[in-house]
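Here is a walk through one protein model with a ligand in it. Have the viewer open as you read, and click along.

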Amino acid sequence: MADLDVVVVGAGFAGIYAAHAFRSAGLSVRVFEAGSGIGGTWFWNCYPGARCDVESKDYSYSFSPELEQEWSWSERYPAQPEVLRYLHHVAGKFGLWPLIQLNTRVTAAQWDAARSEWSVTTDDGAARTARFCVMAVGCLSAYQVPSLPGLETFGGPWYHTSRWPADGVDFTGKRVGLIGTGSTGIQVAPEIAAAAAHLYVFQRTANFAVPNRNRAVDPEWERAFKADYRSYRQRAQESFLGVPITGTGRPALAEPPAEIQRTLMARWQSGGGMPFLGAYTDVLVDRAANDIVAEFMRDRIRETVADPSVAELLCPRAYPVGAKRLCQSDDYFAMFNLPNVTLVDIRSAPISSVYAGGLRTADSVYELDALVFATGFDAISGALNRIDVRGVGGVPLTEKWAGGPRSYLGVAAAGFPNMFIVTGPGSPSVFSNMVLSIEQHVEWIRDCVVYLGSHGYSTAQAKPSAEDAWMAHVTEVAYSTLFPLADSWYVGANIPGKPRVFTPYLGGVGPYRARCDEVAAAGYEGFVLD
Ligand code: N01
């Protein structure tokens, strides 16, 4: 008999809720977490300026109305420390700490067909067996540092934003080089600029960013909002992004140009990426409509940045707006008006090497005291591929995914019985409000495990044919949009050698949930139950 019913890998939003959900269903569960604290992405990404780009009222668990009512967020967009405090509150309120083992990295998981159980090995050398293995490893946890020649010779400290020292970094009086201008780089840059003697921002690809218009939560608004939380959550579950936003419902191309400008400006003024990009129905599927929105955003950069040549360099042109994750910032572009900030174009003159005193590009030398990498992640599949996962016949998951990650519904993989992936490749995951998608997956997995027990089955395994059909559907939906036109982490383009496969499901949170529910209602259609 297995040691446990369920092993959960990772104690972020997904692992924490999984602990609660499985235990509430009467199952024995243990969560292994590599970090010294819970929180996953919110534990590791403690760089200054880290803030969620989904509003706090949405980026929170919905499973407990009591929790929903008792917790008060202080800001419209919560900063990293507040999200972490929230998760600690949840773990304490629901008594989850005894189920979570920190400082323990899962290194391998092997399916034992004879015993119908997983053998899970951790870096403390221990091995546990479990009937089910739930991978809650996060979509953006395998961070990447580019292999720059000479990095090991650099005389000063260097940091990756996703492994930021918990007690902070003092950049006072320092010349700092920042590499990476995605969501993270755009958040951390103004914080570094406020302290450093000089900040050099090394930009390879200019990025779009909308304002947050972050503000304190008004207690009156909060009271009124909480009175309607349940029906709001219902609307969120049925929505496209996991956040109920209201668009015009019309295509931009059918709208008079002046009206488009008015609509976009109103949304720009109220802040937030989802309502802005969601204003018109054709922005993410029609290049002409997309160009109108992109030009509107470039105009905002031009009117913010004083030096026209810097402004032009900051104007994104390499991809349709939204096809890479839209960044949010209230102060990134204005930061380039500061005398101690320099934008360096490493698209035209790439970084050639790092040396003890700084960094060389094809046409210049930059003397630096510290380097910051905001260079992103081996997304969606990276964290799982770093665990030695072996399914039926000892086949490694890395071998199955050599041509790119594949799964059925983004939650299970053929050849890997009783292994479930929370917000895995082929599910809405990063293209949705993650907390809502996490809850949906955890509950679906829990229900499946309970169903197996109550119907006399011990294993569930996705059928290869179901997986093939699902991945074909994921691809078809993606290629009906502008998303594949960008060299983004959505397609693995940021990792040298990674197969180019579009993995998030773009069919919408509501329709996706409905499909998952249909599969369950049909006795887990597409799975072999044994
Ligand atoms: O990572 P990224 P991120 N030389 O991959 C550059 C979520 N998130 O950590 O575009 C030079 O987006 C790279 O350049 P290029 C959110 O989903 C959310 O910023 O490849 N540059 C790019 O500029 C987000 O999308 C929040 O040309 C190199 C940057 O590094 C996801 O996390 C906040 C390079 C990487 O950008 C990842 O964001 C933060 C090299 N060798 C993150 N390699 C919020 O909720 C990479 N780059 C607000």
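What follows is a tour of the cores, the ligand site and a handful of individual residues.

Keep in mind that this is a predicted model.

**The cores**

Let's start on the inside. The largest nonpolar core is made of 84 residues. If you want to find its best-connected members, click on Phe13, Tyr61, Phe420, Trp444 and Phe527, which have the most contacts inside this core. The top contributor is helix 15 (residues 434–454), which supplies 9 residues. There is also another core, lying apart from that one, with 32 residues, including Ala209, Ile301, Cys315 and Leu343. As background, nonpolar side chains in soluble globular proteins tend to be buried together.

Phe13 makes a good place to zoom in. Setting aside residues up to four places away in sequence, Phe13 touches Trp42, Tyr59, Tyr61, Val83, Tyr86, Leu87, Val435 and Ile438.

**Around the ligand**

Now to the ligand, which has 24 residues around it. The closest are Thr181, Thr184, Arg204, Thr205 and Lys324. What is the make-up of this shell in nonpolar, polar and charged residues? The split is 9 nonpolar, 9 polar and 6 charged. Helix 5 (residues 183–195) gives the most to the shell, with 3 residues.

Here are some distances to oxygen atoms of the ligand:

| Residue | Atom in the protein | Distance to a ligand oxygen |
|---|---|---|
| Arginine 51 | backbone N or O | 3.4 Å |
| Threonine 205 | polar side-chain atom | 2.4 Å |
| Lysine 324 | polar side-chain atom | 2.8 Å |

How much of the ligand's accessible area does the protein cover? On its own the ligand has 920 Å² of accessible area, and the protein covers 87% of that.

**Two buried loop residues**

Aspartate 58 sits in the loop between helix 2 (41–44) and helix 3 (65–70). Is aspartate 58 buried or exposed? Its relative accessibility is 3%, so aspartate 58 counts as buried, the cut-off being under 20%. The side chain of aspartate 58 has a polar contact of 2.6 Å with the side chain of tyrosine 232. Tyr232 also appears among the contacts of aspartate 58 beyond four places in sequence, along with Arg233, Val243, Pro244 and Asn433.

Tyrosine 408 is in the loop between helix 14 (397–400) and strand 18 (419–421). With 4% relative accessibility, tyrosine 408 counts as buried. Which residues does tyrosine 408 contact, leaving aside neighbours within four places in sequence? They are Ala462, Ala466, Glu467, Trp470, Arg515, Val519, Glu525, Gly526 and Phe527. You met Phe527 earlier, as one of the residues with the most contacts inside the largest core. Tyrosine 408 and alanine 469 are 61 residues apart in sequence, and their C-alpha atoms are 8.3 Å apart in space.

**Positive phi angles**

Check the backbone at two more spots. Most residues other than glycine have a negative phi. Isoleucine 380 has a positive phi, near 65 degrees. Isoleucine 380 lies in the loop between strand 16 (370–373) and helix 13 (382–385). Its relative accessible area is 5%, so isoleucine 380 is buried.

Asparagine 418 is not a glycine either, and its phi is positive at about 60 degrees. You'll find asparagine 418 in the loop between helix 14 and strand 18. Asparagine 418 counts as buried because its relative accessibility is 1%.

**Out at the surface**

Glutamate 238 is part of helix 7 (residues 229–238). At 53% relative accessibility, glutamate 238 counts as exposed. Its side chain makes a polar contact of 2.8 Å with the side chain of glutamine 234. How many residues separate glutamate 238 and glycine 510 in sequence? They are 272 residues apart in sequence, with 4.0 Å between their C-alpha atoms in space.

Last stop: glycine 95, in the loop between helix 4 (80–93) and strand 3 (100–101). Glycine 95 counts as partly exposed, with 32% relative accessibility. The C-alpha atoms of glycine 95 and histidine 20 are separated by 8.5 Å, with the two residues 75 apart along the chain.

Terms used: Residues numbered from 1 in each chain as written. Predicted model: local features only at pLDDT ≥ 70, side-chain atom pairs only at ≥ 80, totals over all residues. Heavy atoms only, no water. Core = buried A, V, L, I, M, F, W, Y, C linked by side-chain atoms within 4.5 Å. Buried < 20%, exposed > 50% of the residue type's maximum accessible area, 1.4 Å probe, protein only. Helix = DSSP H or I, 4+ residues; strand = E, 2+ residues; numbered from the N terminus. Contact = heavy atoms within 4.5 Å. Polar contact = N/O pair within 3.5 Å; in protein donor to acceptor, adjacent residues only side chain to side chain. Near = heavy atom within 4 Å. Areas by Shrake-Rupley, 256 points an atom, 1.4 Å probe, with all protein chains shown as cover. Nonpolar A, V, L, I, M, F, W, Y, C, P; charged D, E, K, R; others polar.
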